[in-house]
Amino acid sequence: MFEYFKAMKEPKATTWRLIRSFHSGEFWRSEAVKEKLPNYQILPDTNYAEYVEKAIVNSIYTGNYIPTLMPRTKADEEPIKLANRFISTRWPSFGLKALLPRLGRSVVLYNAGAVQVGWNTSIISNHGYSEQGKVELKYVPMTTLYLDPSITNYKEGRAIFIYRRISIYDMLSEAMLKEGTLAYIDTLRASKDEDFLTGTSDPTDEATLEAGATIYTRTCNLLEAYVRVQDDDGGTRIDHIFIADNKFIIAYQKGIQPNAFPVVVIYGDTPDGDP
């Protein structure tokens, strides 16, 4: 399924790379472009793509937005007042304000920006009472996110994939991945995978070896998958799966709660087809 999602996204990803090259200014500096231009061609001295992006982001995506609940009946007024007080106190701790400029840039350039929503159980805090865990938000680059191309509303899709390159050290630092990563290391050691053992794609690279490359400096392709699965009772659940290098299951969580994709995508213009 992931390969299908990836293939369907490639035309859009190609366009995004072109947009990004304009935004960074690399397009006009590339030798491939310069070779096709006459010597007397005057290149742009103003990066209009970046200029427009920054103007929109600075005017819309830098505010401190806090949601507010509205009562629907007279009896709701007091509970809603308490709920709003709770939200205004806790909302800044989620870190959304720091993510908004990055989300805004992504929306301006690619018409979409994404955030992964999770719950960090390792954090223990005290607000007059003890509690464990807090909401955790993580920015997801659109280049690493793969949505179901066969449906407009990604929330109703078959799966969501996040594909990233990550070091073995970072994988061991994540509680959910540690046990599976250690098993993966043992498997690769048993298979005499020299690339893995030396921490380099070229085991004869003396400079890399002398620099102290180890298994912990090696990186792998980590596929994080949220897959909708049919339940025995006729309903559906969402399973959470991590796969290393497209061949080894690092972690598997059956039926996450709540039963919804924990990725939120915001759009500049609502898509009328492939999300």
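**Exercise 1. In which loop does Gly 25 lie, and is the residue buried or exposed?**

Solution. The model is a predicted one, and the first step is to place the residue along the chain: Gly 25 lies in the loop between helix H1 (2-24) and helix H2 (26-29). The second step is to look at its cover, and since the relative accessible area of Gly 25 is 12% and buried means under 20%, Gly 25 is buried. A third step relates the loop to another part of the chain: Gly 25 and Ala 49 are 24 residues apart in sequence, and their C-alpha atoms are 8.8 Å apart in space. Ser 21, which is in helix H1, can be treated in the same manner; at 16% relative accessibility it counts as buried, and, leaving out residues up to four places away in sequence, Ser 21 touches Glu 26 and Phe 27.

**Exercise 2. Describe the overall make-up of the protein, and state where the prediction calls for caution.**

Solution. Begin with the elements, of which there are ten helices and eight strands. Next consider burial and surface: buried residues make up 33% of the 275 residues, while the accessible surface comes to about 17100 Å², with 55% of it belonging to carbon and sulfur atoms. Then turn to the contacts, where, among those between residues at least 6 apart in sequence, 56% join residues at least 24 apart. Finally, weigh the confidence: the mean pLDDT is 83, and 85% of the residues reach 70 or more. Among the elements, S3 has the highest mean pLDDT (94), whereas helix H10 (residues 206-210) has the lowest (46). Over residues 198-212 the pLDDT is below 50, although this stretch has 16 contacts in the model beyond near neighbours in sequence. Where pLDDT is low, the predicted coordinates should not be read in detail.

**Exercise 3. Take three salt bridges, those of Lys 74, Arg 158 and Arg 164, and give for each the partner, the N to O distance and the exposure of both residues.**

Solution. A search of the whole structure finds nine salt bridges, and the three named here can be worked through in turn.

- Step one: the side chain of Lys 74 meets that of Glu 77 at 3.6 Å, N to O. Lys 74 is exposed, with a relative accessible area of 68%, whereas Glu 77, at 37%, counts as partly exposed.
- Step two: Arg 158 is paired with Asp 148 at 3.0 Å, N to O. Both residues are in the loop between strand S3 (145-147) and strand S4 (159-167), ten residues apart. Arg 158 counts as partly exposed at 35% relative accessibility, while Asp 148 counts as buried at 3%.
- Step three: Glu 224 forms a salt bridge with Arg 164, and the closest N and O atoms are 3.9 Å apart. Because Glu 224 lies in strand S5 (residues 219-230) and Arg 164 in strand S4, this pair ties together parts that are 60 residues apart in sequence. Glu 224 counts as buried at 4% relative accessibility, and Arg 164 counts as partly exposed at 21%.

Beyond these pairs, Asp 231, Arg 237 and Asp 239 are linked in a network of salt bridges.

**Exercise 4. Which residues of the largest nonpolar core touch the most other members, and which elements give two or more residues to this core?**

Solution. The largest nonpolar core has 18 residues, and those touching the most other members are Ala 114, Met 142, Leu 145, Leu 147, Ile 160, Val 263 and Val 265. The elements that give two or more residues to this core are helix H6 (96-110), strand S1 (112-126), S3, S4 and strand S8 (263-267). Leu 145 serves as a worked case: not counting residues up to four places away in sequence, its contacts are Lys 9, Ala 114, Val 140, Ile 160, Phe 161, Ile 162, Val 263 and Val 265. A second core, separate from the largest one, has 15 residues, including Tyr 184, Cys 220, Phe 242 and Ile 250.

**Exercise 5. Which residues make the nonpolar surface patch of about 650 Å², and where is Val 52 found?**

Solution. The patch is made by Tyr 48, Tyr 51, Val 52, Ile 56, Ile 60 and Tyr 65. Val 52 is found in helix H4 (residues 48-60), and, with a relative accessible area of 43%, this valine is partly exposed.

How values were computed: Residues are numbered from 1 along each chain as its sequence is written. This is a predicted model: local features need pLDDT of at least 70, side-chain atom pairs count only at pLDDT 80 or more; totals for chains, interfaces and linings use all residues. Side-chain values use heavy atoms; hydrogens and water are left out. A salt bridge is a side-chain nitrogen of Lys or Arg within 4 Å of a carboxyl oxygen of Asp or Glu. Buried means under 20% relative accessible area, exposed over 50%, partly exposed in between (1.4 Å probe, protein chains only). Helices (H or I, at least four residues) and strands (E, at least two) are DSSP runs, numbered from the N terminus. Patches are made of residues with over 30% relative accessible area and no salt bridge: like charges are joined within 9 Å, nonpolar side chains (Val, Leu, Ile, Met, Phe, Trp, Tyr) within 5 Å. Accessible areas come from the Shrake-Rupley method with a 1.4 Å probe; for residues, only the protein chains shown count as cover. A nonpolar core is a set of buried Ala, Val, Leu, Ile, Met, Phe, Trp, Tyr and Cys residues joined through side-chain atoms within 4.5 Å. Contact means heavy atoms within 4.5 Å. pLDDT is the predictor's confidence in each residue, from 0 to 100.
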